[in-house]
Amino acid sequence: MKSMSRRKMVTTGLAAGAGLAGVGVAARLAERYGLIPPDHRGLYGPGETLTYAAQRILTSHSLAREFPRGMISKDPFANATAPANALFKQHQANGFKDWQMTIDGMVARPMSLSLADLKMFPVRSQITEVACEEGWSYIAEWIGTPLSEVLHAAGALPQARYVAYFSIESDWWESIDMADALHPQTLLTMGMNDGDLPVPFGGPLRLRVSRQLGYKSVKYITRLTVTDSMKNFGKGLGSASPEAGYAWYAGI
């Protein structure tokens, strides 16, 4: 994103408070600076655009709150998931020794990484809150490799704008922009609360997007695709979430 002067940021703020006319102005500014979300079309499109653009302008480098160890939830809630498919059960029976995550798309070096390979990258631990759009939440320690490290190793191209990520469950996928993909708190998580990541919480591999609502933290990750457009993925809305009625960008 091009740097914005203080005057332009103030203009954007004024537009945000100017009713319907302000939404139109903000949308035009968002387009100028490349801050249009994939789900910008339809009745709620202007609102989604305004929310996303304002968040990116004001909080691109902000951190999700991290908590002391004493605040880790004693009985965290593992949201229900679809029954494990046959391939997942095979991996589980083998202790996930053959689990692979591929990285393709706009990268100089496409690759496939095992869990052992991922553990060779730098490791980060953080205690953050999972907040669900349904109203429940819990605090846990998440241990894993920053997504930025893997993208750097694969050589993500400078024109890339999004990273799409896919579960072993074929209809479960999401995407994030490069601001969140390269954020230090976005982790390819393999551990939780000093142990391996339990299967109900996404083990063996979950992408933890700390600055967005829980549904963006997809479980059982098997593929990353780096791209400059989400138009050719699914219905072109950016992920499975807006196809089901949720927002593509779910910042908190």
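## A buried histidine

A residue counts as buried when its relative accessible area is under 20%. His183 in this predicted model has a relative accessibility of 4%, so His183 is buried.

Where does His183 lie? It sits in the loop between helix 7 (178-181) and strand 7 (186-192). Set aside its neighbours within four places in sequence, and His183 is in contact with Ser60, His61, Ser62, Leu63 and Arg211. Ser62 also appears in a polar pairing: its backbone oxygen lies 2.7 Å from a polar atom of the His183 side chain.

## An open sheet

Strands of a sheet pair through backbone hydrogen bonds, and they can do this parallel or antiparallel. Here, five strands make up an open sheet. Their order is 2-1-10-5-6. The pairing is mixed. Strand 2 (111-114) and strand 6 (173-177) are the edge strands. Each has a single partner strand, so one side of each has no neighbour in the sheet. On average, neighbouring strands of this sheet are turned by 20 degrees against each other, with direction ignored.

Look now at one pair inside that order. Strand 1 (residues 100-105) and strand 10 (residues 221-227) run parallel. How many bridges join strand 1 to strand 10? There are four. Ile103 stands opposite Leu224 of strand 10.

## The largest pocket

The largest pocket has a volume of about 610 Å³. Its lining holds 29 residues. Which residues lie nearest its centre? They are Asn79, Ala80, Glu133, Trp172 and Tyr215.

Two elements, strand 6 and helix 8 (240-243), each give two or more residues to the lining of the largest pocket. Strand 6 has already appeared above, as an edge strand of the open sheet.

## A partly exposed leucine

Leu157 lies in a loop too. That loop runs between helix 6 (147-154) and strand 5 (162-167). Strand 5 is one of the strands of the open sheet. Is Leu157 buried, exposed or partly exposed? Its relative accessibility is 30%. The partly exposed class lies between the 20% and 50% limits, so Leu157 counts as partly exposed.

Leaving aside its neighbours within four places in sequence, Leu157 is in contact with Met106, Val107 and Ala108. Asp228 is 71 residues from Leu157 along the chain. The C-alpha atoms of Leu157 and Asp228 are separated by 9.4 Å.

Key. Residues numbered from 1 in each chain as written. Predicted model: local features only at pLDDT ≥ 70, side-chain atom pairs only at ≥ 80, totals over all residues. Heavy atoms only, no water. Pairing = 2+ DSSP bridges. Axes fitted to C-alpha atoms, helices over the stretch in contact; angles between N-to-C directions. Buried < 20%, exposed > 50% of the residue type's maximum accessible area, 1.4 Å probe, protein only. Polar contact = N/O pair within 3.5 Å; in protein donor to acceptor, adjacent residues only side chain to side chain. Contact = heavy atoms within 4.5 Å. 1 Å grid on protein atoms, 1.4 Å probe; cavity = no way out; pocket = protein on both sides within 12 Å on 5 of 7 lines; lining within 4 Å. Points joined across faces, edges and corners; volume = space filled by probe spheres on them.
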